[in-house]
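Me: I would like to go through this structure step by step. May I put some short questions to you as we look at it?

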Amino acid sequence: MAGDGELLPRIAVVGAGIFARTQYIPRLREISHLVVLKAIWSRTQESAEAAAELARDFAPGIECKWGDAGLEEIMGDPSILGVAVVLAGQVQVELSLKMLKAGKHVIQEKPASGSSTEAETALSVYNSFPNKLPCKPIWAVGENYRFEPAFVESSKLMDDIGDMMNIQVIVEGSMNSSNPYFNSSWRRNFVGGFILDMGVHFIAGLRMLVGSEVATVSSISRHVDTDLPPPDNICSLFQLENGCAGVLVFAVKSRSPKILWRVDGTKGTVQIERGVDGGKHGYQVLFSNESGECQKTFYPFCGVHEELKAFVHDMVQASKDGDHKAEPRSSYVEGARDVAVLEAMLESSAKQGAM
């Protein structure tokens, strides 16, 4: 089968932090029949080598790269088709643009940016790049929620609940000292703290489920737990472009974690709630129809896996067909819109709830 590996596309991972080690490497192992992990980069040789060892079983020829020279080697390697940028949020956009300019397809970890202004500037730069043969490099953002089967399937049920009447998004998080991201300095230093970094997932889920954009928001935020960066609580009333209103209640740290999305319609209700079933973590979907019957389905987590598979597929197809349209769910624009909603909520709360 070694001969088959020579025909597979090659990818590099730029970053060797928690998420790269605990998600990207294991998920790339699961799709090693589709893509070869050729290189991993970190700021230091030591961290690059430590991360590479985690992938050695399925990528025996993996190369370690570090420092500025390592980045240049990745950008200059014609065999590397795509790059996963998994770094601190403050530096991801700049590095993604460097890789894109070098002709690499990029999947950048969320958030898409630290602000709408940064996202708009980045898109302007990206759109100014010439179309290199055979196609313009793809810029995807890894938020994974749009690829979770629970959201994919639930969005198909929305037509069966009639006209939307109201929406609830409840996030009671578990960001305490035992969470591996609790001491993450870059997340703490973001404007909006954990609210922005965590929140893009929940906004992505909301937008995916309802199929309508958020038009206006009015929010109040508070800083309650001094162990967390401000703010750590936000309550927001929002209205969609279709006229339906809803509420988002978001606590970064709660004694009783709970995450759910619920849409109530004239003919039924769809609810997605995070949970565990048979030892597997995932989402419980409840669909109540017009006759009052409730259908329950559990979907285990697999968003990162499906998202990476889609990115690899797009890389391969784009190299064959310059007119190939990449998966829209992971487009940079979608990630930027999630940031924009949260930024509006934070801006509203800074103005005492102004719309």
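Me: Which residue stands opposite isoleucine 170 in strand 10?
Reply: Valine 249 stands opposite isoleucine 170 there. Please keep in mind that this is a predicted model.

Me: How many bridges join strand 7 to strand 10, and do the two run parallel or antiparallel?
Reply: Seven bridges join strand 7 to strand 10, and the two run parallel. Strand 10 covers residues 245–251.

Me: And how many bridges join strand 7 to strand 11?
Reply: Nine bridges join them, and here the strands run antiparallel. Strand 7 spans residues 164–174, while strand 11 spans residues 253–265. Within strand 11, glycine 265 is the residue opposite methionine 164.

Me: What holds paired strands together in general?
Reply: Strands of a sheet pair through backbone hydrogen bonds, in either a parallel or an antiparallel sense.

Me: What is the order of the strands in the sheet?
Reply: The order is 8-9-10-7-11-12-13-14, in an open sheet of eight strands with mixed pairing. At the edges are strand 8 (214–222) and strand 14 (294–300), each of which pairs on one side only. On average, neighbouring strands of this sheet are turned by 20° against each other, direction ignored.

Me: Which helix packs on this sheet and touches strand 7?
Reply: Helix 9, residues 193–210, packs on the sheet. The strands touched by helix 9 are strand 7, strand 8, strand 9, strand 10, strand 11 and strand 12. The direction of helix 9 makes about 20° with that of strand 11.

Me: Back to the edge: in what sense does strand 8 pair with strand 9, parallel or antiparallel?
Reply: Strand 8 pairs with strand 9 (residues 233–240) in the antiparallel sense, over eight bridges. In this pair, valine 217 stands opposite phenylalanine 238 in strand 9.

Me: Which helix lies across strand 8 and strand 9?
Reply: Helix 11, residues 332–350, lies across these two strands and runs at about 50° to strand 8.

Me: At what angle do helix 9 and helix 11 pack?
Reply: They pack at an angle of about 115°, with their axes 9 Å apart. That angle makes helix 9 roughly perpendicular to helix 11. The crossing of helix 9 past helix 11 is right-handed.

Me: Which residues of helix 9 meet helix 11?
Reply: Ile195, Leu196, Gly199, Val200, Ile203, Ala204 and Arg207 do so. Their partners in helix 11 include Val339, Leu342 and Met345. By class, this contact has 10 nonpolar, one polar and four charged residues.

Me: A new topic: how do helix 2 and helix 10 cross?
Reply: Helix 2 (residues 18–30) and helix 10 (residues 303–320) cross at roughly 60°, and their axes come within 9 Å. Helix 2 is therefore oblique to helix 10. Helix 2 passes helix 10 in a right-handed crossing.

Me: Which residues in helix 10 are met by helix 2?
Reply: Val304, His305 and Leu308 are met by residues of helix 2, among them Phe19 and Tyr24. The residues of this contact divide into five nonpolar, two polar and two charged.

Me: What about helix 5 and helix 6: at what angle do they cross?
Reply: They cross at roughly 10°, and their axes come within 11 Å. Helix 5 is therefore roughly parallel to helix 6. In this contact, Val93, Leu97 and Leu100 in helix 5 meet Glu118, Ala122, Val125 and Tyr126 in helix 6.

Me: Finally, what does the UniProt annotation say about residues 10–123?
Reply: The UniProt record, an unreviewed entry, annotates them as "domain: Gfo/Idh/MocA-like oxidoreductase N-terminal". In the model, that span is 48% helix and 24% strand.

Conventions. Residues are numbered from 1 along each chain as its sequence is written. This is a predicted model: local features need pLDDT of at least 70, side-chain atom pairs count only at pLDDT 80 or more; totals for chains, interfaces and linings use all residues. Side-chain values use heavy atoms; hydrogens and water are left out. Two strands pair if DSSP finds at least two bridges between them. Helices (H or I, at least four residues) and strands (E, at least two) are DSSP runs, numbered from the N terminus. Axes are lines fitted to C-alpha atoms, for helices over the stretch in contact, and angles run from 0 to 180 degrees between N-to-C directions. Contact means heavy atoms within 4.5 Å. Angles under 35 degrees count as roughly parallel, over 145 as roughly antiparallel, 65 to 115 as roughly perpendicular and the rest as oblique. A crossing is left-handed if the near helix is turned anticlockwise from the far one by less than a right angle, and right-handed if clockwise. Ala, Val, Leu, Ile, Met, Phe, Trp, Tyr, Cys and Pro count as nonpolar, Asp, Glu, Lys and Arg as charged, and the others, Gly among them, as polar. UniProt positions are given in the numbering used here, feature names are shortened, and annotations may be inferred rather than shown by experiment.
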